[in-house]
Each structure stands twice: as structure tokens, then as C-alpha cells.
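Let us walk through the inside of this protein, asking where space is left open and where side chains fill it.

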Amino acid sequence: MILSLGIDIGTSGVKTATLNTGGEVLSTSSIKHIYQNSDKINASIWWETVKKAIKLNLINLKKKRINFTKIEKLAVDGTSGTILLANENLQPVTRALMYNAKGFVKEARIIEKYSPENHIAKGQNSTLARALRLINEDKNRNAKYLMHQADFIVANLLKKGGLSDENNTLKLGYDINKNAWPEWIIKTGLKKKLLPKVYPVGTRLGRINETIAKELGLNEKTDIYAGTTDSNAGFLASAKLKKGSAVTSLGSTLAIKVLSESKIDDPNIGLYSHKLGCYWLAGGASNSGGKVLEKYFSNSQIIKLSKNINPNNSSELEYYPLANIGERFPENNPERKPQLIPRPKDETLFLHGLLEGIAKIEKKSYEAIHRLGGSFPDHIITVGGGSKNLVWEKIRMRVIKTKISSGKNVEAAVGTAKIPFLFGN
């Protein structure tokens, strides 16, 4: 039986999962990242962590007496928008800038000058803005490749750079409709020679480098496939690949994704679509979510107070919970202010209002997708830390008026391991 290995490069560490053709998870591993200052991240350390995680996965397979040489397929996901510049030997020549790095005002002005109206690559915390900053930091002009986090790992597995996927490149400015990099993007100062060749998710990119295969203990015939972003991988891990499948991620932010047969985009409200095979994964991320709850309550307080909430009743509080000024989806408004008054003295009631307010934002998000031609979900799968709060789940079911349940295989590495089986060619 052929096995597939999925590698997830997350914010806190690297996780892997090995699946068989039936989708059964046979083995996993998890290795935390070595701490690095966020302003001086060396991507080479990610690669070392990935190698450790792969080796641990193979050890776990061996303990179960599973023949790990049956791994013949491999895919990688990474945090969307995390980038670096590397030379022809695949060595980083700049620091890596994480997906949440922001404040690139000068670069944003340049992008504003040349980009189409309401383009996804706009803004001082956009992937393109980060890329322009890194190009400026490459004083010796040694860079040959602009790489996303997943691209860097794939390049090291293949010992070949310049390859990426349609999902990771979307926020950098890749034109999915024309299957090409737009001409305007070069006018910003982004050098064409640095841009990767872009492939659909699941495309076979090549065979693993023999030396790397021997070092890791992998089959030398293992094929590497174009991967995706971490959030898309999370969707694939927990949802079925069918029209209308919906996943809500209740982490530090609130992220919504619905599988559609057509492309659904509206930059005005922060909605965009990723290509997955013959489908489009429409969605967006609100700045509401767990960060707001953490601002007012500890995790233990949330657990304790939730027990005193009757999820069948309304709090009668009309909140729009945000930790700071600014919203991305279902309205794209950097000036959007939090609505958290009146603040009751009863902490249980206050938490009730926050949970209900986030649920209402979730409902508005799904309604926005539905208005633009997507399906309103008859079942929402929930992943992330908030999925464990059953009181919140009942509040959401009352507000959204649909079935809600927690996802089973919620690790992004599982979704990434599915990619060669689902979309491989």
C-alpha cells in the first residue's frame, strides 16, 4: 500500500502525519521550533526542525511495524504569507518575515500606486509589501529565489528552487485567472527573476533528492507534490471535499471557509478564494475571536463562567467583539471600532455577550458568502481551541441556525498528506 507524508510548518513548530490511501492516520510527529527573535528569523533552522520531525515520524511507524519505505508521496504546507529570499544554493540571504509582520508603510504606498483597486496584495502588512522590504534588505543582490515558507522546505527536499503553488502565491499577487504573474507587480520593484513558477495544488513537482532521502531514511522514489497554506490544509484535514463543506476556525482569530464550485471574491469585504482541484475554497478571517476573550478572561475563567451560561437564551447585548480597532472580514474596515458597551458587572453575562457577538460575526460571514453565490452551510465543522467549548457551540447553533460539530482530524499535516491522493497527477 502506498503511503503519503504531510508536513505542516506552523507558528509554534513542525508537525507531520502519515496516511494510507484510505485516509487512515498511521503515524504523527511534532517538534517545536527553536526560539528565534521575530526580527531575525533564519529559515535554515526550520529545515533542521523539519528533518527531525520526519525522522521521528518514521521511528513511530517502525514501532508500529509499518513499512515506512511505502511512503511514496509527500506534500508541505506553511503559514500563508511567510517569506524569505534565498540564493542559488537555497541558502537564505535575508531574514524570513512572518505572516503577521506589518508596518511596511513605504512599500504599501508603492503597491497602491500600481495595483488594481481593492487588490489582495495591498496594505502595509501584505505579503507583497514584505517581499519589497526583503528585496531592499538584500544589499549584495545575492538572491535568486523569493520563497514562501512551504516553498523553502520543498526546495530543500528536491534540491531545486523556484517552485510554488497557487494557494501560497495568491496573497503575493499571482493572477489565478490568467495563470501568470501580472505585469503591474514588476513595476513595484519586485524582480521577475525572483518569482517562482506556480503550479496547481497536488501537482507532482519532482522526486526527492537522493542524498536527502538517504539522510532522512525516506524512499528514494518519493514524489514531492505542490502543497498549500496551513489554513487550507486544516480544512482538508477536517472536511469532506464536496460543495458546501464549511469549516470555522475558532483560534486567536475567527476564520471561515466554504467549498464552492465557483470562484467567490469580494476584496471590499475581505473575501477571497483559493483553488483546490475543481473547487474553490472561499473564505476570510475576522479580527474577532480568541484574542478578544483572552483580553478579558483567562482560559480557566472561560471554562468556569461558561458553565453558568444558558446557551438557549440571548444575552441581550449587541457586541462586535474586537481586541483592537480594525476589521478584515465580513467587512474590510481598518477603522472599525470594537462595540463592547454596556459592560455589565456580571462577568458571566459579559462572557455570554462576547461569545454571542463572535457567533453573530460568524453568521454574517457565511451570509456574505451565500449572497455572492456560495452555499449557506447545513453543517459547520469547527476547529481550533474554541471548538472545545460546548456552551459556545450551542450558542452558535442558536444564532446561525445550523448543525455544528467539532472536527476529528484537525491537524493541518493530515490535510496536507491527503493532497497527493485528492489532487495528485
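The model is predicted, and a good place to enter it is the lining of the largest cavity, whose residues divide into seven nonpolar, two polar and two charged. The space in this cavity comes to about 60 Å³, and the residues around it are Val76, Ala150, Asp151, Val154, Leu163, Ser164, Asp165, Leu205, Tyr225, Ala226 and Gly227. Helix 4 (149-158), strand 7 (163-165) and strand 10 (223-229) are the elements that give two or more residues to this lining.

The structure holds two cavities of 30 Å³ or more, and the second largest has about 40 Å³ of space. Its lining is made up of Tyr145, Leu146, Met147, Asp151, Ala155, Lys160, Gly161, Gly162, Leu163 and Pro196, which by class gives six nonpolar, two polar and two charged residues. Strand 6 (145-148) and helix 4 each supply at least two of these residues, with the largest share, three residues, coming from strand 6. Asp151 and Leu163 thus appear in the lining of the largest cavity and again in that of the second largest.

From the empty space we can turn to the packed side chains. The largest nonpolar core has 41 residues, of which Ile7, Val76, Ile153, Leu157 and Leu218 touch the most other members. Among the elements that each supply at least two residues of this core are strand 1 (3-9), helix 1 (43-63), strand 4 (71-78), strand 6, helix 4 and strand 10, and the largest share, eight residues, comes from helix 1.

Val76 ties these views together, being a residue of the lining of the largest cavity as well as one of the core residues that touch the most other members. Which residues is Val76 in contact with, leaving aside its neighbours within four places in sequence? They are Ile7, Ile9, Ala150, Ile153, Val154, Leu157, Tyr225, Gly227, Thr228 and Thr416. A second, separate core has 39 residues, including Val258, Ile302, Leu354 and Tyr366.

Ile302 leads on to the second largest pocket, in which about 360 Å³ of space lies. Of the 16 residues that line this pocket, Asn299, Ile302, Gly385, Gly386 and Asn389 are the closest to its centre. Helix 8 (290-296), helix 9 (299-306) and helix 11 (390-400) each supply at least two residues of the lining, and helix 9 provides the largest share, four residues. By class, the lining of this pocket divides into six nonpolar, seven polar and three charged residues.

Notes:
Residues are numbered from 1 along each chain as its sequence is written. This is a predicted model: local features need pLDDT of at least 70, side-chain atom pairs count only at pLDDT 80 or more; totals for chains, interfaces and linings use all residues. Side-chain values use heavy atoms; hydrogens and water are left out. On a 1 Å grid over the protein atoms alone, a cavity is a set of points where a 1.4 Å probe fits but cannot get out, and a pocket is an open set with protein on both sides within 12 Å along at least five of seven lines; lining residues have an atom within 4 Å of a point. Grid points are joined across faces, edges and corners, and a volume is the space filled by probe spheres set on the points. Ala, Val, Leu, Ile, Met, Phe, Trp, Tyr, Cys and Pro count as nonpolar, Asp, Glu, Lys and Arg as charged, and the others, Gly among them, as polar. A nonpolar core is a set of buried Ala, Val, Leu, Ile, Met, Phe, Trp, Tyr and Cys residues joined through side-chain atoms within 4.5 Å. Buried means under 20% relative accessible area, exposed over 50%, partly exposed in between (1.4 Å probe, protein chains only). Contact means heavy atoms within 4.5 Å.
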